[in-house]
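Work through the exercises below with the sequence and the structure side by side, and try each task before reading its solution.

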Amino acid sequence: MIGETERDAEPRLSQKKVSATVISVALVAFGLFVAHQGYLIGQDQSSYARVGPQVFPYMVGAGLVIVGVLLSIDALKGTWPVMWAETADEHALSRPAYWRQLSNVGLVALGLVVNAFLIAPLGFVVSSTLMFALTTRAFGSRRIPFDLAVGAMFSGFIFLCFTYALGLPLPSGTIWGAR
Amino acid sequence: MDVFDGLMHGFAVALTAGNLLWALVGVTLGTAVGVLPGIGPALTVALLMPLTAKLEPIGAFIMFGGIYYGAMYGSSTTSILLNTPGENSSVVTAIEGNQMAKRGRGAAALATAAIGSFVAGTLATFALALFAPSVVTLALKFGPADYFALMVLAFTTVAAVLGTSLLRGLASLFLGIAIGLVGIDMQTGQARMALDIPYLLDGIEVVILAVGLFAVGETLFVVSRQKLLADQIIPIKGQIWMTKDEWRRSWKPWLRGSVIGFPFGALPAGGAEIPTFLSYSLERRLSKNPEEFGKGAIEGVAGPEATNNSAVTGVLVPLLTLGLPTSATAAIMLAAFQQYGLHPGPLLFQSNPDLVWGLIASLYIGNVMLLVLNLPLAGVWVRLLAIPRPYLYAGILVFAGLGVYSLHASVFDLGTLCLFGVLGYVMRCAEIPVSPAILGLILGPMAEQQFRRALAISQGDPTVFLTRPISATILTIALIALVAPPLVEYYRSRRRRCVFDQASS
Amino acid sequence: MTTILRSTRMKAAAAGLMMATLMIGANRVQAADYEIMAPAAPGGGYDRTSRAVEQVLKQDKLGTATVINVGGAGGAIGLAQFIRNRSGSDNAMIVGGFGMIASFATNKSKVTLADVTPIARLMSEYSVVVVPKDSPIKTLADLVAQLKKNTNGVSWAGGSAGGTDHILAGSIAKAIGVDPKQVNYVAFSGGGDSLAAIIGGQVTVGVGGFSELADQIKAGNLRVLAISSDKRVPGVDIPTLKEQGVDASLSNWRGIAAPPGITPAQRQAYLDLIAKVVASKSWKDILQTNGWNDEYLAGDDFKTYIANETTRITEILTQLGLVK
């Protein structure tokens with residue numbers, strides 16, 4: 001913070017504020033959603049116990065709304081630090097560097113999504129290998145063929161262990177014609 | 001038969017070369033399978049049960065004992081090293097254990113877990129032999145109202161994991177409880193927050209949230225700060241085994257954990273998660289260095305690990321004395337008993353003393369084997385952390401995905417994992433602690449169900465929580481646990497101020 | 001130096017042992033001939049039935065099988081997956097039963113047992129109505145009197161709402177002219193929890209599977225009031241509900257089904273296979289050790305039975321207010 005100029009500090013503070021506010025608004029919204037879900041259950045379920053299935057959703061929803069509102073005050077005051085990416089040298093975190101870091105986060109997240117979507121059609125080994133390589137790439141590795149090979153060996157070994165040693169079949173991929 | 005004689009007899013039955021081999025095989029297999037993510041003790045025992053089908057009953061139980069303890073310990077290993085808890089009762093272990101691993105004390109964390117498990121397992125096995133019948137009489141007195149009081153007590157432990165900001169800690173807690181509402185309400189069969197998605201009807205597994213928030217969330221967070229955290233993970237720092245200081249700090253938590261865990265395990269609806277949280281918060285309160293908690297305090301591994309082992313041994317109390325299976329693993333063990341035409345229950349101690357005492361002795365043997373096998377291995381496991389960071393985290397993600405997938409062989413769960421991973425990342429960026437959410441998810445549904453059961457039985461009379469002696473006592477303890485620390489702190493600071501005032505005047 | 005060497009050697013040995021034991025496991029499962037899906041977590045009734053069939057197939061050399069557990073939504077997740085991935089397959093089976101029909105009705109499941117090819121009902125378990133040993137309720141008549149006087153005051157313990165136990169409680173209420181909706185049913189997770197609550201006297205009365213409760217009854221921890229079978233079970237000295245004037249009965253059955261879209265020849269192959277399983281001595285032994293009743297009912301008869309059960313169960317659940 002020491003070497004930071006006023007001009008640099010301003011936008012980052014506002015960015016923190018916006019992020020924190022968005023999070024607290026999300027909490028309030030989620031709280032309202034939870035309470036609404038409780039409302040949908042209706043009231044006729046609690047004839048003798050008095051406390052039916054809708055009571056806890058109301059309480060938790062209210063809790064989330066209250067906490068969210070109180071946190072939004074912190075957020076607007078700017079006392080709540082929310083940073084999506086950082087580097088060691090904070091004042092050197094130029095816009096491109098910041099976005100590069102964030103894009104790496106996106107890469108790992110993409111790996112997770114790829115794994116979830118492709119595990120059924122392509123099988124465990126292929127989807128895990130892709131996730132593996134995307135993750136190593138995000139962590140700065142440049143040896144993509146090597147990483148793919150490592151990932152394939154690793155997930156291949158796990159696949160064999162699970163399917164043959166434990167009798168817990170992992171998906172082998174529907175597009176390869178396997179069952 | 002006298003307890004001591006019985007135990008000696010049990011050892012005489014169990015201690016043969018062949019049986020020792022089965023114990024070793026059981027512990028090895030149990031650990032090996034338990035280390036795999038998503039395969040908890042219950043599934044491990046179910047998977048390996050056919051292996052025991054051809055053995056004599058006593059050999060089979062000895063192998064079971066080994067598998068049971070091995071699987072428990074195996075899932076702690078991944079909690080500590082990879083931050084991917086394989087089952088609910090090792091979630092707490094991940095909090096401090098993984099921090100220790102990152103600071104180069106992974107081997108010490110694994111060692112304190114192994115020795116703590118051994119100590120607790122041993123003590124609990126003795127307690128099982130000595131007190132099983134009397135403990136179970138007491139345990140049966142617990143009704144829903146009393147369990148609800150226990151949940152309230154457990155909720156007070158949340159203070160130990162709230163972090164720096166009360167509000168943010170509470171946000172996390174409420175988030176966890178809200179996630180716990182998803183699924184069919186047990187009392188009325190109504191679906192709640194399930195959005196007409198059949199996969200959500202059974203609610204959300206704690207392990208998915210824990211792996212998502214801990215392992216996946218952290219991977220995303222580390223990527224976003226990779227230059228900043230460049231040299232964070234150190235495989236081994238200082239000596240590999242526990243230092244003298246770590247021994248000194250571990251032994252009391254081991255003993256306390258053993259004492260806390262056993263009765264919870266013995267309670268039909270007690271379980272192993274709640275006592276691990278209680279142990280964690282107790283150790284934090286009693287520790288001379290509470291500021292280390294959250295950064296890798298060895299007490300936070302030693303206590304909960306001893307507790308969970310003690311609790312899983314306690315689970316055998318209702319199983320053996322009443323034939324009540326109170327956990328998934330116990331249900332499978334019950335099936336194993338029946339495979340041999342044995343019916344655990346009030347009559348088992350009289351009708352098959354050989355087997356009962358043999359089983360108790362073999363649990364003990366399983367414990368010793370666990371220690372023998374895992375202490376040397378601790379040094380091997382931590383070398384995993386020397387893997388270059390890109391590959392370590394990529395491997396963790398593959399393991400996390402594998403573990404969550406193999407829970408129910410469900411792609412939907414993998415999607416949920418992505419969502420929770422991103423949530424974990426957002427929470428870390430916003431400095432919202434993740435542990436309260438997991439505590440909320442574990443305790444919330446239990447507390448709600450017990451609360452509503454109690455009110456149904458009392459036909460809506462809320463005074464039931466205060467008129468039942470057990471419930472009233474526990475609620476009082478909870479109140480003290482909540483109010484006492486701030487009060488003590490207040491008086492201490494006042495006295496300090498007085499001293500300071502006198503000194504300055 | 002030597003100590004370091006020794007310790008590494010020890011570690012290598014330990015790691016080697018681990019691999020070796022994994023290998024032992026590896027021999028266990030080669031590519032199996034059949035896949036049996038248990039649409040539930042390990043440990044429950046569906047899982048045990050699946051594993052029992054697997055065991056018999058292996059012991060009688062009828063083939064090898066892998067049991068896969070796909071739990072969720074009372075079996076709907078597993079069933080949907082089975083229909084999606086195994087249609088037309090001649091080597092896949094799924095276990096189903098009474099509980100699945102009930103939960104499909106409550107959850108308005110999109111898939112039902114009508115979507116697969118029923119092969120055979122395999123077994124059943126009866127439920128019993130019990131009270132704690134020192135309860136003032138001595139007979140079923142006492143319970144009926146209490147229920148008529150103060151329905152809400154009688155708390156029932158059993159498994160989750162809308163399950164077998166709840167349905168029996170509702171059927172009893174209906175049979176004696178009490179509104180099933182007014183039954184004060186307290187749901188517990190798993191057999192152990194509810195059993196503990198009954199033995200501990202936390203509730204007035206409990207319902208549970210006979211085989212699960214038999215030992216407690218024998219040991220005198222529970223007093224049994226009635227069994228849910230239609231007629232007296234041979235060798236079991238418990239009066240039925242019907243003979244005590246309460247017109248209710250329940251048989252918690254489980255059966256096995258093949259995928260949809262199979263040819264008549266394939267269906268016959270499945271029927272033959274299961275006929276061999278239930279005829280074997282190892283199957284009879286399993287029925288014996290588990291306390292299951294032999295209720296083999298194959299092919300079209302089983303199909304009709306499923307349809308009738310679905311109607312009956314849905315009707316009771318509607319009266320309990322669980323199906324709208």
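**Exercise 1.** Locate K61(C), then decide whether K61(C) is buried or exposed.

Solution. Begin with the position along the chain: K61(C) belongs to the loop that runs between α2 (45–59) and β2 (65–69) of chain C. Since this is a predicted model, the values used here are computed from its coordinates. Next, count the surroundings: 7 other C-beta atoms lie within 10 Å of K61(C), and a residue with 12 or fewer counts as exposed, so K61(C) is exposed. Finally, look at the backbone, where phi of K61(C) is near 55 degrees, a positive value in a residue other than glycine.

**Exercise 2.** Carry out the steps of the first exercise for N83(B), and state whether N83(B) is buried or exposed.

Solution. N83(B) sits in the loop between α4 (57–82) and α5 (91–102) of chain B. The count gives 25 other C-beta atoms within 10 Å, and the cut-off for a buried residue is 20 or more, so N83(B) is buried. The phi angle of N83(B) is near 65 degrees, which is again a positive value in a residue that is not glycine.

**Exercise 3.** Describe the overall build of chain B, and explain why it can be called as compact as a globular protein of its length.

Solution. First list the secondary structure, which in chain B comes to 21 helices and two strands. Then compare the radius of gyration of chain B, 23 Å, with the 23 Å that the globule rule gives for 505 residues; the two are close, so chain B is as compact as a globular protein of that length. Along its principal axes, the C-alpha trace of chain B spans about 70 × 60 × 60 Å. Lastly, consider the interior, for 68% of the 505 residues of chain B count as buried.

**Exercise 4.** Find which residues have the most contacts inside the largest nonpolar core.

Solution. The largest nonpolar core has 338 residues, and L209(B) and I438(B) are those with the most contacts inside it. Helix α6 (residues 106–139) of chain B gives the most to this core, with 19 residues. Leaving aside neighbours within four places in sequence, L209(B) is in contact with several residues, among them I179(B), F420(B) and I438(B).

**Exercise 5.** Determine how many residues of chain C are in contact with chain B, and which element gives the most to that side.

Solution. The count is 51 residues of chain C in contact with 52 residues of chain B. On the side of chain C that touches chain B, α1(C) gives the most, with ten residues. Sorted by class, that side has 23 nonpolar, 23 polar and five charged residues.

Note on methods: Residues are numbered from 1 along each chain as its sequence is written. Chains are lettered from A and ligands numbered from 1 in the order in which they are written. This is a predicted model: local features need pLDDT of at least 70, side-chain atom pairs count only at pLDDT 80 or more; totals for chains, interfaces and linings use all residues. Helices (H or I, at least four residues) and strands (E, at least two) are DSSP runs, numbered from the N terminus. The radius of gyration is taken over C-alpha atoms; the globule rule is 2.2 Å times the number of residues to the power 0.38. Two residues are in contact if their C-beta atoms, placed from the backbone, lie within 7 Å. Ala, Val, Leu, Ile, Met, Phe, Trp, Tyr, Cys and Pro count as nonpolar, Asp, Glu, Lys and Arg as charged, and the others, Gly among them, as polar. A nonpolar core is a set of buried Ala, Val, Leu, Ile, Met, Phe, Trp, Tyr and Cys residues joined through C-beta atoms within 7 Å.
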